[in-house]
Amino acid sequence: MASAQESDHLDPLKDLRSRFTLPDGLIYLDGNSLGVLPTGLGDRMSEVIERQWGERLVRGWNDAGWIDLSSHVAGKIAALVGTGANCVAVGDSTSINIFKVLSAALSLRPSRRVILSDKNNFPTDLYVADGLTRLIGQGYELKLATAETMTDALDDSVAAVLLTEVDYRTGERYDMKAMTRHIHDKGALAIWDLCHSAGAFPVHLDAAGADFAIGCGYKYLNGGPGAPAFLYVAQRHLEDITPALSGWMGHDAPFAFTTDYRPAEGIGRMKVGTPPILSLSALNIALDAFDGVDMSLLRRKSQELCDRFIFEVEHRCPELELVTPRDRARRGSQVSFRHPEGYAIMQALIANGVIGDFRAPDILRFGMTPLYLRHIDILAAAEILERVMQGRLWDREEYRARAKVT
Ligand SMILES: *Cc1c(COP(=O)(O)O)cnc(C)c1O
């Protein structure tokens, strides 16, 4: 492996770091939880607030283009996930979008009663799916399998399969295309959660044949805390779904104020209520950081950063057990290790200037965000982790006290 300095020197993406504002003296390996602040976003947001909201007031819906902002942002996200703007709607949270696409999927397979998911899926995906089956009743149920048993669990009772492409704990990645093919072979629909994919590596929703997808605006897309999420509906389904959350912004003519609901044409029907223009503006600005970025180079750099971190940590900290697949093709853009004192270790690491996060029960998670991380950051993080482990710096009461957000 080339030295960290050498790799940074040769990095074709090295100039992208200046598109972000990173606090001094901090190594941030948590962009998979909350992305960093894009440079200049504050100034551009002041303009939205002072000029647009402050001066244009309600006229801003038309003359500042607020009413079309979510479609504009959808176009930028569509380019990152391998589809067109006509298949992506931006707004609401990922959790709510899961409800929207799941209910749409079930309506397309009315004779089937099962939602199938992965028992290691992110909890909100499972909770929302479970809640939806309880709301509908009529024998609907959520069934769970693991990555190993998923294809066996697929039978002709399954209406939709809800999977997160990259496991939020281990970083293990499903083969989206192959799994979608299995799902279709059994007559079911494939819903992909891209929370740990969009903006982390190239995604090809159309080419994979996905039916629906959802994803998050505040992780690898850097849209800011609680940024609007997105959803995808394959073109072939667009005219066949009637949204369960039939809000006025998804109406064919919201300002006709008619009594009856008539869905908008195409993806517009997946919108629900008035869009949050301030947070949508921040996401819109943040996405400019992807302008002209070759996503295959981003993927390659992410893999190199992951390889380097695995190599350095395994040599320096043998007591940490790697849980992320070594095979590049089988992982996303994060590296996770297991240790019974994982929580305290992460707190000590944060106190020493390296931010990652902890996921129960025992996972130390490190997100690799190639837009702004350098190889020297990865090396330095591994050195600090080594110090924390060798000196047992984590072994303090204060590091065991759990905060509300981990
Ligand atoms: C982060 C994440 C979510 C978050 O959902 P919110 O509605 O934004 O809280 C959902 N699913 C997965 C897989 C995630 O990683």
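## Two domains, one interface

The centres of domain 1 and domain 2, taken over C-alpha atoms, lie 29 Å apart. Keep in mind that this is a predicted model.

**Exercise 1.** Work out which residues belong to each domain, and how many residues of each are in contact with the other domain.

*Solution.* Start with the domain assignment: domain 1 comes in two stretches, 4–30 and 294–400. Domain 2 is 45–290. Next, go to the contacts: 25 residues on the domain 1 side touch 19 on the domain 2 side.

**Exercise 2.** Find the area that domain 1 and domain 2 bury between them, and say how much of it is on carbon and sulfur atoms.

*Solution.* The size of an interface is often given as the accessible area lost when the parts come together. Here the two domains bury about 1800 Å² between them. Now split that by atom type: 58% of it sits on carbon and sulfur.

**Exercise 3.** Track down the polar links across the interface: how many residue pairs are in polar contact, and how many salt bridges are there?

*Solution.* Take the salt bridges to begin with: the rule finds one between domain 1 and domain 2. To place a pair, look at Glu172 and Arg330, whose side chains form a salt bridge at 2.8 Å, N to O. Glu172 falls within 45–290, in domain 2, and Arg330 within 294–400, in domain 1. Then count polar contacts: eleven residue pairs, both partners at pLDDT 80 or more.

**Exercise 4.** Which elements supply at least two residues each to the side of domain 1 that touches domain 2?

*Solution.* Go through them in order: helix H11 (295–316), strand E12 (334–338) and strand E15 (363–367). H11 gives the most, with four residues. Finally, sort that side by class: twelve nonpolar, seven polar and six charged residues.

Methods:
Residues numbered from 1 in each chain as written. Predicted model: local features only at pLDDT ≥ 70, side-chain atom pairs only at ≥ 80, totals over all residues. Heavy atoms only, no water. Domains from an automatic or database assignment. Contact = heavy atoms within 4.5 Å. Buried area = accessible area lost by both parts, 1.4 Å probe. Salt bridge = Lys/Arg side-chain N within 4 Å of Asp/Glu carboxyl O. Polar contact = N/O pair within 3.5 Å; in protein donor to acceptor, adjacent residues only side chain to side chain. Nonpolar A, V, L, I, M, F, W, Y, C, P; charged D, E, K, R; others polar.
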